[in-house]
Amino acid sequence: MSKKVFYGQNDLRFLYYRYKDSSYYSIFVFAITFFVCMILVLNVLLPQIKNYFSIRKEVIAQRIKIKNVRDNINFISSLQRPELNSQLQTTSKALPQYQDFVGILNAISDSALSSGVSIDDFKFTPGEMTVESPGTGSMEDKDLSFMDLAVNIDGDIENIKQFLTEINEKLPLTEVINVDSKKESTIISLRFYHKSYPKISFKEDEPMQPITPEKTALIRKLSSWQNLQLENDITSTGSASIPLFE
Amino acid sequence: MNNNINFLDYKNKVITRRGNTKEKLLRKIALILLFTISSLSVVLFILITLSPLPELAKQRKAASFNLSLADKDIGKLILVKERSDKIQQIIEKRNNYNEDLENFQNILPQGVTIESVSMNQRKMSVELTSNSLRPFNTILDQFANNDKSQEYSKITMTGLRMNPDKGSFNITFSIDLL
């Protein structure tokens with residue numbers, strides 16, 4: 001009998017009846033079932049497992065983000081608004097957005113008053129933008145701007161020392177760049193800093209941190225300088241009796 | 001009935017029985033496999049459908065809205081932190097020439113006055129005057145003292161002259177400040 005068969009419907013039926021009682025039939029059925037199961041595992045089950053775990057991961061991440069947002073809400077609600085406003089005012093006075101000419105003149109005159117020196121004249125060099133080159137100043141910051149001011153003062157070495165101390169404790173913040181003191185007069189170069197407000201970017205799901213105790217202490221120190229300045233402004237008498245300008 | 005007249009081989013019966021056991025086992029394995037895979041698939045489908053993601057998205061939207069009501073305070077806080085960072089940098093890095101001058105004055109003995117002083121870029125040039133050379137000797141001894149190296153990295157004596165009209169001596173130093 002020829003073993004060559006044609007795979008048609010009758011042929012399949014013939015094959016079925018021929019081999020259904022043999023062990024080959026069971027092995028064949030098992031193989032087919034196993035093959036289908038593998039296809040199901042690879043195309044259905046594994047993607048579903050992957051999907052489930054990614055959803056679980058996303059759920060955990062979302063819960064953390066929601067917790068952070070709620071913590072931020074609680075943190076902001078607990079802030080003392082008057083204190084925050086005062087801190088903003090102090091720090092803006094110390095490092096203003098634009099050049100504070102009135103503040104600069106007040107700082108110089110208050111320092112001169114406190115130290116007992118007289119101011120002859122001064123020269124502004126406004127409008128300079130950093131980046132500073134190393135060695136000329138102390139700051140390297142693309143956003144930090146400054147204006148240099150050369151002040152001609154009269155006084156002995158003790159008064160000049162006192163002036164340098166006083167000017168360092170005035171707002172807006174100053175840096176003494178150069179001191180050139182001779183018998184006749186002293187020229188002091190001062191640098192006043194200012195910085196534009198940055199673009200504020202805030203991620204709501206990142207935990208907000210309070211102002212550190214060190215920064216709070218710094219702001220308190222700046223505020224004391226500011227208060228002292230205000231007191232000097234209030235208690236000082238007219239310029240006619242004080243030889244600040246000659 | 002006598003088994004010897006049977007045409008069927010006794011051995012085949014044994015083989016057939018073994019084949020039945022194996023077939024049953026294979027069938028069981030196939031059924032278990034199918035059942036497990038389909039059950040897992042259904043369970044996973046239910047778990048995915050019932051995930052709390054939509055509810056969490058709603059909660060997050062509500063929380064974001066509440067936080068946005070305080071955006072001015074958030075802006076102020078960020079500004080205060082940013083300003084205070086920069087202020088701290090400025091204060092830490094700026095020159096303290098008053099302290100440098102004070103430290104230098106502390107080593108001057110009696111009878112020496114500062115004629116002129118120039119301070120720039122962490123360098124100090126100072127001219128001292130005295131009626132005698134002895135105080136200058138004291139100053140030079142103090143500079144030679146190792147303790148001063150903590151304040152000054154380099155000290156150079158750049159000049160020594162006598163002013164016969166006034167009867168005084170002048171000495172100049174160039175000092176690199178630390």
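How many bridges join β2(B) to β4(B), and in which sense do the two strands run? Keep that question in mind while you set up the view, since the tour comes back to it at the third stop.

**Before you select anything**

This is a predicted model, in which local features need pLDDT of at least 70 and side-chain atom pairs count only at pLDDT 80 or more, while totals for chains, interfaces and linings use all residues. Residues are numbered from 1 along each chain as its sequence is written, chains are lettered from A and ligands numbered from 1 in the order in which they are written, and side-chain values use heavy atoms, with hydrogens and water left out.

**Stop 1: chain A as a whole**

Select chain A and colour it by secondary structure, where helices (H or I, at least four residues) and strands (E, at least two) are DSSP runs numbered from the N terminus. You should be able to trace 6 helices and 4 strands, which follow one another along the sequence as α-α-α-α-β-β-α-β-β-α. Of the 246 residues in this chain, 38% count as buried, where buried means under 20% relative accessible area, exposed means over 50%, and partly exposed lies in between (1.4 Å probe, protein chains only). The accessible surface of chain A is about 14600 Å², and 58% of it belongs to carbon and sulfur atoms; such areas come from the Shrake-Rupley method with a 1.4 Å probe, and for residues only the protein chains shown count as cover. Among the contacts (heavy atoms within 4.5 Å) in chain A with a separation of 6 or more, 75% are between residues 24 or more positions apart.

**Stop 2: a cis peptide bond**

Now select A:Leu171 and A:Pro172, and look at the peptide bond from the one to the other, which is cis, with omega near 5 degrees. A:Pro172 lies in the loop between α5 (157–168) and β3 (174–181) of chain A. Most peptide bonds are trans, and most residues other than glycine have a negative phi.

**Stop 3: paired strands in chain B**

Move to chain B and select β1 (112–120) and β2 (123–130), then add β3 (residues 152–163) and β4 (residues 168–177). Two strands pair if DSSP finds at least two bridges between them. Here is the reply to the opening question: β2(B) and β4(B) run antiparallel and are joined by 8 bridges. Within this pairing, B:Leu128 has B:Ile171 as its bridge partner, and B:Ser125 has B:Ser174. B:Ser174 also stands opposite B:Thr156, and β3(B) and β4(B) pair in the antiparallel sense over 10 bridges. In β4(B), 8 of the 10 residues are buried, and in β2(B), 6 of the 8 residues are buried.

**Stop 4: two hairpin turns**

Zoom in on the hairpin of β1(B) and β2(B), whose strands have 2 residues between them and are joined, running antiparallel, by 8 bridges. B:Asn120 stands opposite B:Lys123 in β2(B). B:Gln121, in the loop between these strands, has a positive phi of about 50 degrees although it is not a glycine, and B:Arg122, found in that loop too, has a positive phi of about 60 degrees. Are these two residues buried or partly exposed? B:Gln121 is partly exposed, at 45% relative accessibility, and B:Arg122 is also partly exposed, with a relative accessible area of 26%. For the second turn, select B:Gly167 in the hairpin of β3(B) and β4(B), which has 4 residues between the strands and where this glycine has a positive phi of about 70 degrees.

**Stop 5: where the chains touch**

Show both chains together: 81 residues of chain A are in contact with 62 residues of chain B. The area buried between them is about 6600 Å², with carbon and sulfur atoms giving 70%; this is the accessible area (1.4 Å probe) that two parts lose on being put together, summed over both. There are 6 salt bridges between the chains, each a side-chain nitrogen of Lys or Arg within 4 Å of a carboxyl oxygen of Asp or Glu. To see one, select B:Arg60 and A:Asp205, whose closest N and O atoms are 3.6 Å apart. The largest share of the side of chain A that touches chain B, 28 residues, comes from α2(A).

Finish at B:Ser64, in helix α2 (residues 53–68) of chain B. B:Ser64 counts as buried because its relative accessibility is 18%, and, leaving aside neighbours within four places in sequence, B:Ser64 is in contact with A:Val69 and A:Glu204.
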